[in-house]
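Grab your viewer and work through a few exercises. Try each task by yourself before reading its solution.

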2 protein chains.
Amino acid sequence: MTVFDEATAVRRTAAGRYEVRPDERFALLAPGGGTPPAVNGGVLIATMLRCVLDSSPHPHPVATSAHFLRVPQTAPARVEVTWLKEGRTAATARASLIQDGKTAVEMTITTGTVPDPAGGRGASLSWTGAPPVLPPIEDCVDLGPWPGAIGPDGAAGYAGQVEMRLDPATTGWRDGEPAGIPEMRGYFRLRDDRDPDAYLLALAVDGMPPVVFGLGAAGWAPTVELTWHMRAVPVPGVLKVAARCRHVSGGWFDEEAEVWDAAGRLVAQSRQIARVGRKGHAEDARAR
Amino acid sequence: MTVFDEATAVRRTAAGRYEVRPDERFALLAPGGGTPPAVNGGVLIATMLRCVLDSSPHPHPVATSAHFLRVPQTAPARVEVTWLKEGRTAATARASLIQDGKTAVEMTITTGTVPDPAGGRGASLSWTGAPPVLPPIEDCVDLGPWPGAIGPDGAAGYAGQVEMRLDPATTGWRDGEPAGIPEMRGYFRLRDDRDPDAYLLALAVDGMPPVVFGLGAAGWAPTVELTWHMRAVPVPGVLKVAARCRHVSGGWFDEEAEVWDAAGRLVAQSRQIARVGRKGHAEDARAR
């Protein structure tokens, strides 16, 4: 069992109730410190999706909307799932991650069926925009330790689990020379050998360093809301992720990511709204 | 009082409870017919936002995620609002539109404060992508009656309330010659004289004909989930809306819209996932 599967494991305690535990092995730490470490939002979403899919009449999380209210502790928490509609094409559930009696993450999820390369007939209408252009993986930068990583060499926490190889055109911020464009592009996979699936896509759509690093911003950029769409079942292999921003203003920025699989198919899309980074997430948690 | 303000009016009946009524004056009808008419999703969101903002500690709906479960009847309905977090920078509520004991629309909303041209200091970091390029409004096509409009001349329902003037590059589908690109661009305003605000932005982000009409699709394209972000308070004047799609597959398509105000500022963004059109929405309502 991979660390990712351990970290997102759930245990059903009653109908619609699950015990989970945000896992420090996927935590991020802002440069200024901050206690406790904040677990990556995508890992929390993946964990909650396991609870939802456990009782879903459809196999895929087509639309997942998550609002992040509080930074959960790396301690046991409860997920409650309530089905609001179970239709023939789509079903919708509400899921809440609750700790100390308070909602930390509130999600609404619509499940359905998306194309699977393993089989199934094609739909009548099919169209896709241009894929991202990336240098070959060997010419990309192994991100390694970066602001947000934990431990003396940045190898603990999230950065120790996820391998990102970024297009060098989007990594100037690492050397104090941000490109001036809020974009991140690169290859994405777990350091563990594990094929992508819906849960890993939930991680990939929020997996890149914040796009505003490309504008010179630094520090923890807390996601306030993230919605992602699963568009196809990914084939095995490394994922490509391309993220961009359209607008930074008033302390808010949006980030849109597309995830493409090793066969060149668009498998997931996301958009989030987040706060421009502050010094430490503990400070931010207090401020909100 | 404008028709839009009447159609989105709410009445508080108890703490966190409101009486509303989906209004046939903003209904859409698929070409194949269908009873009852479906009220435009943006109007439903605007109505629910009135309920949320009635008790919000912050003025603006920064992030609104809506999942559409059932087509509400044009009859009285109830909106229930529950606050999950009320923080200094952001507050999050859940809102449900309920009719006949069933949830028709489930929303999660995070409120906060976005820039207002009327005042306030600028934030430290500010950046915006390129705005849409549109011909002058006088060279754009008054959409008038279109598939989805109601009444003998298409002047009843939604099309009777909203004036859309589309870039002719995106209207070939009206003459059976779709451009082959899933994009819609145009100017957007109410036929009533009314300045844009958060509620009208909720309408504008889902206001264009479905982008897949540009690929030759037709018929009602039911929105399954739509999330939109308010990025600034709009100045008075006509809005520009640019919508595009990235992927159509397996019967699903995404649609992303940006809304720019008369001063050339990005004021709202949305993304939705929807089903490719079928013959009539009554048929679809049964199928889901």
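The exercises below deal with a predicted model.

**Exercise 1: confidence**

Find out what the predictor's scores say about the whole model and about chain A.

Step 1. Start with the global scores: ipTM is 0.93 and pTM is 0.94.

Step 2. Go down to chain A, where the mean pLDDT is 90 and 88% of the residues reach 70 or more.

Step 3. Now look for a weak stretch. In chain A, pLDDT stays under 50 over residues 279-288. The model still gives that stretch 32 contacts beyond four places in sequence, so to speak on paper.

**Exercise 2: symmetry**

Work out which relation links chain B to chain A.

Step 1. Superpose the copies: chain B goes onto chain A with an RMSD of 0.0 Å.

Step 2. Read off the operation, which is a turn of 180° with a shift of 0.0 Å along the axis. That makes the relation a two-fold axis.

Step 3. Locate the axis from chain B. The C-alpha of Ser65(B) is the nearest one in that chain, 3.2 Å from the axis.

Step 4. Check the contact surface. Both copies use the same one, as 100% of the contact residues of chain B recur in chain A.

**Exercise 3: the interface**

Describe the contact between chain B and chain A in terms of residues, area and salt bridges.

Step 1. Count residues: 65 of chain B are in contact with 65 of chain A.

Step 2. Take the area. The two chains bury about 5800 Å² between them, and 52% of that is on carbon and sulfur atoms.

Step 3. Add the charged pairs: there are 6 salt bridges between chain B and chain A. One salt bridge joins Asp254(A) to Arg231(B), with the closest N and O atoms 2.9 Å apart.

**Exercise 4: the cores**

Pick out the largest nonpolar core and say which residues have the most contacts inside it.

Step 1. The largest core holds 79 residues, and Phe26(B), Leu203(B) and Trp228(B) have the most contacts inside it.

Step 2. Ask which element gives the largest share: helix H2 of chain B (residues 41-54) does, with 9 residues.

Step 3. A second core, separate from the first, has 77 residues, including Ile45(A), Tyr158(A), Phe188(A) and Val259(A).

Step 4. Zoom in on Leu203(B). Leaving out neighbours within four places in sequence, its contacts include Phe4(B), Phe26(B), Val43(B), Tyr158(B) and Phe188(B). Asn40(B) and Gly42(B) are also among them.

Step 5. For background, nonpolar side chains tend to be buried together in soluble globular proteins.

**Exercise 5: a threonine in a helix**

Is Thr47(B) buried or exposed, and what does it touch?

Step 1. Place the residue: Thr47(B) sits in helix H2 of chain B.

Step 2. Apply the cut-off. Buried means under 20% relative accessible area, so Thr47(B), at 6%, counts as buried.

Step 3. List its partners. Not counting residues up to four places away in sequence, Thr47(B) touches Ala7(B), Thr8(B), Ala9(B), Val10(B) and Val20(B).

**Exercise 6: positive phi**

Where does Asp100 lie in each chain, and what is its phi?

Step 1. Asp100(A) is not a glycine, yet its phi is positive, about 50°. For Asp100(B), phi is near 55°.

Step 2. In chain A, Asp100(A) is in the loop between strand S7 (91-99) and strand S8 (102-112). In chain B, Asp100(B) is in the loop between strand S7 (91-99) and strand S8 (102-112).

Step 3. Asp100(A) counts as exposed at 71% relative accessibility, and Asp100(B) is exposed with a relative accessible area of 71%.

Definitions and conventions
Residues numbered from 1 in each chain as written. Chains lettered and ligands numbered in written order. Predicted model: local features only at pLDDT ≥ 70, side-chain atom pairs only at ≥ 80, totals over all residues. Heavy atoms only, no water. Core = buried A, V, L, I, M, F, W, Y, C linked by side-chain atoms within 4.5 Å. Buried < 20%, exposed > 50% of the residue type's maximum accessible area, 1.4 Å probe, protein only. Helix = DSSP H or I, 4+ residues; strand = E, 2+ residues; numbered from the N terminus. Contact = heavy atoms within 4.5 Å. Least-squares fit on C-alpha atoms with pLDDT ≥ 70 in both. pLDDT = per-residue confidence, 0-100. Buried area = accessible area lost by both parts, 1.4 Å probe. Salt bridge = Lys/Arg side-chain N within 4 Å of Asp/Glu carboxyl O.
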